[in-house]
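Work through the following exercises with the model in view, and set out each solution step by step.

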Amino acid sequence: MEFLFWLFAFGAVYSYFLYPLILSVLPRRAPRRTASPELPAISLIITAHNEAARLQRKLDNTLALDYPRARLEIIVASDASTDATDAIAEAYADRGLRLVRAEERKGKEHAQWHAIRAASNDVLVFSDVATDLAPDALQCLARAFADSRVGAVSSEDRFLTDSGEVVGEGAYVRYEMWLRRLESRVNSLVGLSGSFFAARKVVCQQWDIAVPSDFNTALNCVRLGLVAVSDPDVVGFYRGIADERKEYARKQRTVIRGMAALARRAEVMNPMRFGVFAWQVFSHKLMRWLVPWLLVGLLLVSIVLAPTHAFYAFALAAQLAFYVLAILGRAFAALRRSALFKIPYFFVQANAAIAHASVSFLMGKRVTVWNPSKR
């Protein structure tokens, strides 16, 4: 039982704490700079399904970006929209925007693939309708591609209030952005920010509509001997989900899609073929999905061991206190203004969603399309 205690404890902290600690002491990846006298030509692809209410604001934001118009192609990829989305996009045709429509709704990646085939330029930028870009976002992306080994660049996420003000980053967002920087510094990202990222067109040739594009792009980079990186100067702004209760469902969908992607691309776990990237996928993805089950195992073993030694009694008390804080945070929204309640609440909620998604995935549930969460 003591062996199980330490096994479960190690597994529970590995992905969140030990993995970034190891990354922080590994040597940095050496960049390969190339002289680039001019900005690359970019095709910006905006994926939309029934986004009539938000598309005009997104297109106005895109047209206001500080990038030479002669070197910027803008494409709206409509995922078989049935509202006024297509008409709104076509109304901007005289301002240089193109509509590429998928006649059958098969999901975001399917619509993106239609746009990839239609795109004229060698650098592709992917963005969602709900994401606003900073005026210099494309300029910053272009600088990142000056490193010839960089195949894809991910944005960093910033939240906005309803009035458009930038919200202070929560602990989880700060953690995820920090982890992305560590992965970028050592080797390559495991996944990009799906709402705003860029990739060389050559990276997008093996496009799998059944795999989330943020993971598929990172994998394609490694296959080609390139890397996917995060750039803190490339920022995407988006509003939080209007109904907080829907965040659980969003997390569930994301995990199911991630599990399906890894099952479909299981070869990525082979270190003989993918080297450090295979270890990164194991650490960042697989081990994190195991955390809720490891936590349950740790709690059960602690209950058994608590009468045998003061250390195990303390470990049990600490776990129970953590879960009580999470329950109180769940029951009383006002308490979540304090990190003491907010962090346990969101950690437990996230792992409950992972556990729920794991069961759903094993029972055969798959997610290919859904309506975007209201923000």
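**Exercise 1.** Determine which residues Phe215 touches, leaving aside its neighbours within four places in sequence, and place Phe215 in its nonpolar core.

*Solution.* With contact taken as heavy atoms within 4.5 Å, Phe215 meets Val190, Ala261, Leu262, Arg265, Val268 and Val281. The model is predicted, so that local features need pLDDT of at least 70 and side-chain atom pairs count only at pLDDT 80 or more, while totals for chains, interfaces and linings use all residues. Residues are numbered from 1 along each chain as its sequence is written, and side-chain values use heavy atoms, leaving out hydrogens and water. Next, a nonpolar core is a set of buried Ala, Val, Leu, Ile, Met, Phe, Trp, Tyr and Cys residues joined through side-chain atoms within 4.5 Å, where buried means under 20% relative accessible area (1.4 Å probe, protein chains only). The largest such core has 63 residues, and Phe215 is listed with Phe126, Val268 and Phe277 as having the most contacts inside it. Helix 10 gives the most to this core, with 11 residues.

**Exercise 2.** Describe how helix 11 packs against helix 12, and classify the angle.

*Solution.* Helices are DSSP runs of H or I, at least four residues, numbered from the N terminus. The axes, lines fitted to C-alpha atoms over the stretch in contact, with angles from 0 to 180 degrees between N-to-C directions, lie 7 Å apart at about 95°. Helix 11 is therefore roughly perpendicular to helix 12 (residues 339-362), the class that covers 65 to 115 degrees. Among the residues in contact are Phe322 and Tyr323 of helix 11 and Leu340 and Phe341 of helix 12.

Note on methods: Helices (H or I, at least four residues) and strands (E, at least two) are DSSP runs, numbered from the N terminus. Angles under 35 degrees count as roughly parallel, over 145 as roughly antiparallel, 65 to 115 as roughly perpendicular and the rest as oblique. Buried means under 20% relative accessible area, exposed over 50%, partly exposed in between (1.4 Å probe, protein chains only).
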